[in-house]
Amino acid sequence: MPPGIVKSCSLDITLVNPVVWSDLYLVGVPLIDNQHRRLFALVEDLRRSFALHKPDAVVLKTLRGLLSYCAEHFESEELLMQVVGCPSFSTHAAQHRKFTALTEHHVARFERGEVNPEDLFRFLMDWLVNHVMTVDVTIAQYCRKAGVAVSSIATVSDLVKFLEREQATRRLLPPELGFGLLLLPAVALFCVFGFWTVAGDHLRHILAGVAGAGIVEN
């Protein structure tokens, strides 16, 4: 296997075995799961191109289509992660960038005849399965923690609508106003406490005066 392409999972990946989607790959966000299904289908198209020894021009077109859809998918994931505040966003996005760079590198090497088809296919399949099952699976967990109804985000259109609602909410409630609202309960409590403190002092002063008057009269 050429340097730079590393086998990272225990799957029996060869050009003979079709790429089959499994519900084991579900992460729990319909949009992400639908896009993952599409990615698996594109990788299967690539496997068939290799297995049937299609011309390099056909293979490269399939590879470019796969990379293009990966970019679209990564954008969807990263937008969703940013909105719900995934703490692993930076690391996750870095993995996306690294995969894209490595794939571009290996595609260029394939064009020069430096990488055989099975090694390139194995690299793509290894990365996809491992990333989905160990990294992407956490997205739904963060969504639920943020109170996001993940079942309502099944298409890119749904994601756009969700983002628009979030942006509208943030426009109506700027950060400084949001912080001010957070302080309101404390301010209100302070005011009430202060009022009763002053009122209590005033009442004690009156009672003391009345008591003093009584003593003088006696």
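## Close-ups of a helical protein

**View 1. Helix H4 has a kink.** There is a kink of about 45° in H4, and its centre is at Val132. Keep in mind that this is a predicted model. H4 covers residues 117-145, which makes 29 residues. At 1.5 Å a residue, you'd expect H4 to span 42 Å, and its end C-alpha atoms are indeed 42 Å apart, so the two values agree.

**View 2. Here are the two ends of H4.** At the start of the helix, look for Asn116: one of its side-chain oxygens comes within 3.1 Å of the backbone nitrogen of Glu118. Now jump to the other end. Just after H4 sits Gly147, and its phi is positive, at about 80°.

**View 3. Val135 sits in H4.** Val135 is part of helix H4. Is Val135 buried or exposed? Its relative accessibility is 16%, so Val135 counts as buried, the cut-off being under 20%. If you skip the neighbours within four places in sequence, Val135 is in contact with His92, Gln95 and Asn130. Thr91 makes a nice comparison of sequence and space: Val135 and Thr91 are 44 residues apart along the chain, yet their C-alpha atoms are 9.8 Å apart.

**View 4. Cys86 and Cys143 don't form a bond.** How many disulfides does the structure hold? The count is zero. Zoom in on Cys86 and you'll find that the closest cysteine sulfur belongs to Cys143, 6.0 Å away, which is too far for a bond. A disulfide would need the two sulfur atoms within 2.5 Å. Start from Cys143 instead and you land back on Cys86 as the closest, again at 6.0 Å. Both cysteines are tucked away from the surface: Cys86 is buried, with a relative accessible area of 6%, and Cys143 is buried too, at 0%.

**View 5. Helix H1 leads to His53.** H1 takes in residues 30-51, 22 of them. From its first C-alpha to its last, H1 reaches 31 Å, close to the 32 Å expected at 1.5 Å a residue. After H1 comes His53, with a positive phi near 55°.

**View 6. Helix H2 ends before a glycine.** H2 runs over residues 56-84. Its 29 residues reach 42 Å from the first C-alpha to the last, close to the expected 42 Å. H2 is followed by Gly85, whose phi is positive, near 75°.

**View 7. Val59 is a buried residue of H2.** You'll find Val59 in helix H2. With a relative accessible area of 2%, Val59 is buried. Which residues does Val59 touch, leaving aside its neighbours within four places in sequence? They are Leu46, Ser49, Phe50, Lys54 and Phe110. Arg47 is 12 residues from Val59 along the chain, and the C-alpha atoms of the two are separated by 9.3 Å.

**View 8. Zoom out to the whole chain.** The protein chain has six helices and zero strands, so from the N terminus on, its elements read α-α-α-α-α-α. Of its 218 residues, 36% count as buried. Look at contacts with a separation of 6 or more: residues 24 or more positions apart account for 75% of them. The chain exposes about 13000 Å², with carbon and sulfur atoms supplying 64% of that area.

Note on methods: Residues numbered from 1 in each chain as written. Predicted model: local features only at pLDDT ≥ 70, side-chain atom pairs only at ≥ 80, totals over all residues. Heavy atoms only, no water. Helix = DSSP H or I, 4+ residues; strand = E, 2+ residues; numbered from the N terminus. Expected span 1.5 Å × (residues − 1). Bend = angle between axes of the 7 residues up to and from the residue. Polar contact = N/O pair within 3.5 Å; in protein donor to acceptor, adjacent residues only side chain to side chain. Buried < 20%, exposed > 50% of the residue type's maximum accessible area, 1.4 Å probe, protein only. Contact = heavy atoms within 4.5 Å. Areas by Shrake-Rupley, 256 points an atom, 1.4 Å probe, with all protein chains shown as cover.
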